[in-house]
Amino acid sequence: MKVTKTGKKGSQLPWEGSMQKDSAEHEGYAGVHSSVWITENNNTNANESKDELLEQIVSRENLNQAFKKVKANKGSHGIDGMKVEELLQYLKENGEALKQSILDGKYRPSPVRRVEIPKENGKKRNLGIPNVVDRVVQQAIAQVLTPIYEKQFSENSYGFRPKRSAHDAIRKSQSHIDEGYKYVVDMDLEKYFDTVNQSKLVEVLSRTIEDGRVISLIHKYLKSGVIVKQRFEETEVGVPQGGNLSPILSNIMLNELDKELEKRGHKFVRYADDLLIFCKSRRSAERALENILPFITKKLFLKVNREKTTVDEAKGIKFLGFSFYRNRGKARVRIHPKSTAKMKAKIKALTSRSNGMGNEARAETLKRYIMGWVNYFKIADMKKLLQITDEWMRRRIRMIYWKQWKRVRTRFNKLQTLGVQLQKAWEFANTRKSYWRTSKSPILDKSLGNNTIKSLGFLFFSDYYRQVTA
């Protein structure tokens with residue numbers, strides 16, 4: 001089905017009868033057990049309301065808060081092309097009609113726009129970008145569901161939850177290791193967001209949400225489809241990764257696994273779909289893995305990547321970009337070598353001599369990246385790593401300037417301006433050494449010293465690390 005634009009962009013609400021099929025029309029899909037096949041209409045009455053949850057979702061206060069959140073997050077447009085900047089005017093003109101269509105059960109979410117994001121292993125992660133209006137509605141749903149489900153969620157889950165972070169997950173892992181649980185099941189749920197069994201998810205939702213209209217609305221989002229290369233594809237499985245609802249829906253599904261692990265007495269830490277189960281011996285870890293697999297595959301209908309799921313000592317695994325080691329009998333945290341390699345590749349790209357970036361823009365982009373990277377990894381032991389990285393990065397920056405001072409006369413004048421004596425400046429300006437070799441020369445190291453590079457707007461890892469950990 002070709003997607004074509006009709007009329008003014010964003011001028012129509014997605015009413016019943018648009019390109020998306022009503023989710024009740026879907027009767028089943030391959031690979032789903034018929035015993036758990038549930039639609040929005042046969043598991044719960046889509047018109048039934050016991051707690052008026054839908055009214056809370058579409059209340060003026062909640063929708064305003066959702067709009068502010070979507071606006072703050074910015075993000076790309078969906079298939080209708082409407083930008084976040086156009087959202088306020090649209091809602092002023094169509095907000096009441098949007099609210100009423102949701103209450104009447106006539107609202108139909110648009111398909112998401114497929115975007116592929118490269119992964120470290122060379123493969124690609126599928127993201128689904130909803131229209132900005134759908135993002136507001138999804139955010140409004142998430143805001144109402146969050147306080148309800150926070151009461152149910154495990155203390156051992158940390159991803160996409162208020163007042164919890166990756167740092168908390170790492171510290172909890174350290175605590176388990178210090179208690180003697182030094183062997184780990186590093187669980188890999190294969191393409192989790194793409195393989196969530198929607199009918200199982202609806203069943204889990206229906207245990208808590210008594211307003212059938214909310215279940216119906218969520219189910220419509222799950223079934224709204226995706227646009228891939230201008231063609232519509234149905235979404236019979238999965239939760240589109242990229243929408244505002246995806247994080248809480250993923251936690252609601254995996255909370256079933258959390259409760260099962262707790263019932264079995266396991267020590268574990270989960271961040272989104274990254275899961276570590278801690279054990280005191282390799283044998284008990286292997287046994288824990290084999291015993292939990294049937295629950296994951298037969299009860300939750302999720303897939304486990306057996307090749308990537310490993311049993312190892314805690315020091316041998318990568319978790320959220322970190323790794324663990326022991327020092328003086330205590331579990332310590334450092335940055336995993338793959339995370340370091342990824343960071344250096346990014347710095348290398350930003351300090352490339354031929355990326356077409358101006359020096360001011362380069363300094364600003366590097367600054368933003370360094371601040372974000374250090375803030376994330378600051379709990380790790382990394383002083384020496386940052387010192388080495390700074391030296392290498394400064395050398396690359398000097399190389400950039402040396403290349404830009406292409407002519408002998410330009411180099412001579414720049415070196416003199418930076419305080420190099422006339423004879424040395426002339427001698428050095430005529431060098432035939434490579435850019436990289438010249439960047440480490442004593443003359444360039446002094447003339448473009450650390451303070452000079454700072455004055456040009458560049459930020460160093462070590463300086464910012466000291467600032468945030470002081």
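**Open sheet.** I started with the sheet of four strands in this predicted model. I read the strand order as β2-β1-β4-β5. The sheet is open, and its pairing is mixed. I then looked at the edges, where β2 (124–129) and β5 (231–233) stand. Each has a single partner strand, so one side of each is left without a neighbour in the sheet. I also checked the twist: neighbouring strands here are turned by 45° against each other on average, direction ignored.

**β1 and β2.** Next I took strand β1, residues 112–118. I found it joined to β2 by six bridges, with the two strands running antiparallel. For a register mark I noted arginine 113, which stands opposite isoleucine 129 in β2.

**β7 and its partners.** I moved to strand β7, residues 274–279. How many of its six residues are buried? I noted five, so the strand is largely enclosed by the rest of the structure. I used under 20% relative accessible area as the cut-off for buried.

I looked up the pairing of β7 with β3 (residues 183–188) and found six bridges in the antiparallel sense. Valine 185 faces isoleucine 277 of β7 in this pairing. I then turned to β6 (residues 267–271), which is joined to β7 by five bridges and also runs antiparallel to it. Here I noted arginine 270, whose bridge partner in β7 is leucine 275.

I followed the chain through the β6 and β7 hairpin, which has two residues between the strands. Alanine 272 takes a positive phi in this hairpin, near 55°.

**Helix pair.** I picked out α12 (residues 359–377) and α19 (residues 461–469). Their axes lie 10 Å apart, and the helices pack at an angle of about 50°. I count angles of 65 to 115 degrees as roughly perpendicular and those under 35 as roughly parallel; α12 and α19 are therefore oblique to each other. I logged the crossing as right-handed. From α12, the contact is made by Ile370, Met371, Trp373, Val374 and Asn375. From α19, I listed Phe461, Tyr464, Tyr465 and Val468.

**Whole protein.** Last, I took the totals. I counted 19 helices and ten strands. Of the 470 residues, 49% are buried. I asked what share of the contacts with a separation of 6 or more comes from residues 24 or more positions apart. I got 74%. The accessible surface comes to about 24300 Å². Carbon and sulfur atoms hold 46% of that surface.

Notes. Residues numbered from 1 in each chain as written. Predicted model: local features only at pLDDT ≥ 70, side-chain atom pairs only at ≥ 80, totals over all residues. Heavy atoms only, no water. Pairing = 2+ DSSP bridges. Axes fitted to C-alpha atoms, helices over the stretch in contact; angles between N-to-C directions. Buried < 20%, exposed > 50% of the residue type's maximum accessible area, 1.4 Å probe, protein only. Contact = heavy atoms within 4.5 Å. Areas by Shrake-Rupley, 256 points an atom, 1.4 Å probe, with all protein chains shown as cover. Parallel < 35°, antiparallel > 145°, perpendicular 65-115°, else oblique. Left-handed = near helix turned anticlockwise from the far one by under 90°.
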